[in-house]
Amino acid sequence: MSRSAPEPGRAWTKWLLRRLGLAALTLWLISIVVFLATNALGDPARAILGRSATPERLAALQARLHMDQSIVERYFSWLGGVFTGDLGESLTGGGSVGALIGPRIANSAVLVLIAAVVIIPVAGFLAIVAARRHGKRTDSLIQVIMLAVAALPEFVIGILLVALLSTTVFRILPSVSLSAGGPPWTNVQAMVLPVLTLVLAVVPYVSRILRASLIEVLESDYVEMARLKGLPEGLAVRRHALANAVVPAIQVMALQLAWLAGGIVVVENVFQYQGIGMTLVDAVRNRDLPVVQALALLIAAVYVVVNLIADVLTILVTPRLRTAVR
Amino acid sequence: MNGSWSRAFRVSLRYPRTWAGLVLTGVIAVVALLGPLLAPHGPNDIVGRPYAKPGGKAAFGTDYLGQDVLSRLLEGGFSVLVTAVLATVLGMVVGVVAGLVAGYAKGWLDEVIMRLTDVVLAFPQIVLALVLLTVAGPQQWLIIVIVGLSHAPRVARLTRGMTTTLATREFIQSAEAMGEPRGRIMFGELLPNMSGPLLAELGLRLTYSIGLVASIGFLGFVADPRAADWGMMINENRLALLVQPWAILAPVIAIAVLTVGTNLVADGIAAAAANADQNEEASA
């Protein structure tokens, strides 16, 4: 650490600027992908109206979508709208896209947050148990179960849980997230199955990463030294292994959010939970392009920003990395 | 070159989980591929009233229209399996080539390929698929292309990482010194030395492809809504869980067994590859 770069402060600023620039570039490219995907893969007006559209209605919709302008002009006017918070009008529901998706974003955020809060301790517990019995029967049993659960698509997990707990074997939980008015998460009972599905879908990945980094630390020289000095195993785990799990934990939390963002799309549809996942699928089905564009952009942007934050935090909590950046 | 791939697979057969996975995958693959020949009824034949319990002409009961669940189960795996396999092959080929080029050429080409992977990786795979299907509509070839391309950046990252490590090794440097063409070095020297991890990745990507294709079907995006498709069957019979659970549990279990099987095989290959790596390090 004594042979660090001559001006670590400057190197760090340079790294940060480059990282921010890359994130901005990625976000810009994402906006192009989203726009092209919803405009260049066919005639949007024709796709929306279907084959039976009359020429008059087609012309009217093409005018409404500004199809007379070039695709570049349309892209920039859309992008300008995104920057000023004007996401356009929903083609099916009427009303602005912002007003439509705002409450749905909140609903999904609550679902993701509750799932994340449950996932961390569960995955951490499984990882510690497996790492401490590394190579023994308990460890391999946990690994095989995790492997099997990780293989299952989210909707398969969801439907198996519904069959088990709601309709076929036991009938103790509601299978759809309907609430009498108010946001869906106010119906606590109906939240159990969606959250449980997301937890089962993500825990195998998180616990696998945590287990690997725990094993690496537990087999490292300094933990071995601590053991030789007579430190009890539990204390060795707590004092050394967990302290060294901060960096993997930051990265895992960022990854977890990315997995949950994909997971909610399917899981919300299994349980009819009124969030962005269900809204996105409905919008794709109805070819409500402004809603599809807004949600796709939002989901990808959250991923980029969360990863940016995770990378910066990783560098900040690791002195070794902070001075090594070029 | 073929040698290194089949060896990587053979080594994995020492692990019981590989065998377990092969058996599970094999059973479902046989059902999916030969099923259409064995189905007792046509997929759209009405054999009874909707949601009839198992028995009589329909061993697994009937679905929401009164179609035979067993026949549709036998018919509905083919499209899922073939679509997933083709998408996986496409994603592996594109990803491996992009990763090799990025990792070996370095410079601006590397930079461009990596930025493109950043963009695709920002979208959860299912979101990318939905966005690309919005205007074009669910067509079979498009689903193959989309699922394949959504895998490519992930495969490219892995391949690029291995390429940059291997490129510093002695046998590559001596091949370069002897003036071997770059293409031959990439595909003749570098690629065979990644066979273990890439084969494991292939298994993993197949697992995710099956899940993704089935999820797209479950969300209702299939080319022909009347055709039998495991994902779509689960969607259209959602209400059956209370009255006729087989209409929905049969395809759910088929998908579950298939994905667990392919994932077990992938893990067996990965474990074998990791072990081979350690042995090599120990002997070096």
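Visitor: Which residue just after α4(A) takes a positive phi?

Guide: That is Gly85(A), whose phi is about 80 degrees and which comes just after α4(A); helices here are DSSP runs of H or I with at least four residues, strands are runs of E with at least two, and both are numbered from the N terminus. Please keep in mind that this is a predicted model, in which local features need pLDDT of at least 70, side-chain atom pairs count only at pLDDT 80 or more, and totals for chains, interfaces and linings use all residues. Residues are numbered from 1 along each chain as its sequence is written, while chains are lettered from A and ligands numbered from 1 in the order in which they are written.

Visitor: And what span does helix α4 of chain A reach?

Guide: Helix α4 of chain A covers residues 71–83, which is 13 residues, and reaches 18 Å from its first C-alpha to its last, close to the 18 Å expected at 1.5 Å a residue, where the expected span is 1.5 Å times one less than the number of residues.

Visitor: How many helices and strands does each chain have?

Guide: Chain A has 14 helices and 0 strands, and chain B comes to 11 helices and 0 strands.

Visitor: How much of each chain is buried?

Guide: In chain A, 36% of the 326 residues count as buried, and in chain B buried residues make up 52% of the 284 residues. A residue is buried if 20 or more other C-beta atoms lie within 10 Å of its own, exposed if 12 or fewer, and partly exposed in between, with the C-beta atoms placed from the backbone.

Visitor: Switching topic, which residues touch the most other members of the largest nonpolar core?

Guide: Leu295(A), Ala129(B) and Val213(B) do, in a core of 164 residues; such a core is a set of buried Ala, Val, Leu, Ile, Met, Phe, Trp, Tyr and Cys residues joined through C-beta atoms within 7 Å. Helix α11 of chain B, residues 246–283, gives the most to this core, with 17 residues.

Visitor: What is Ala129(B) in contact with?

Guide: Leaving aside neighbours within four places in sequence, Ala129(B) is in contact with Ile146(B), Val147(B), Ser150(B), Leu212(B) and Ile216(B), contact being C-beta atoms, placed from the backbone, that lie within 7 Å.

Visitor: Back to α11 of chain B: why does Ile269(B) count as buried?

Guide: Ile269(B), which is in that helix, counts as buried because it has 28 C-beta neighbours inside 10 Å. Not counting residues up to four places away in sequence, Ile269(B) touches several residues, including Phe9(B), Thr18(B), Leu199(B) and Gly203(B). Ile269(B) and Gly203(B) are 66 residues apart in sequence and 8.4 Å apart in space, C-alpha to C-alpha.

Visitor: How many residues does the contact take from each chain?

Guide: The contact takes 45 residues from chain A and 39 residues from chain B. On the side of chain A that touches chain B, the largest share, 8 residues, comes from α1(A). By class, that side has 36 nonpolar, 7 polar and 2 charged residues, with Ala, Val, Leu, Ile, Met, Phe, Trp, Tyr, Cys and Pro counted as nonpolar, Asp, Glu, Lys and Arg as charged, and the others, Gly among them, as polar.

Visitor: What ipTM does the predictor give the complex?

Guide: The predictor gives the complex an ipTM of 0.89 and a pTM of 0.89. Chain B averages a pLDDT of 88, and 98% of the residues score at least 70, pLDDT being the predictor's confidence in each residue, from 0 to 100.

Note on methods:
Two residues are in contact if their C-beta atoms, placed from the backbone, lie within 7 Å.
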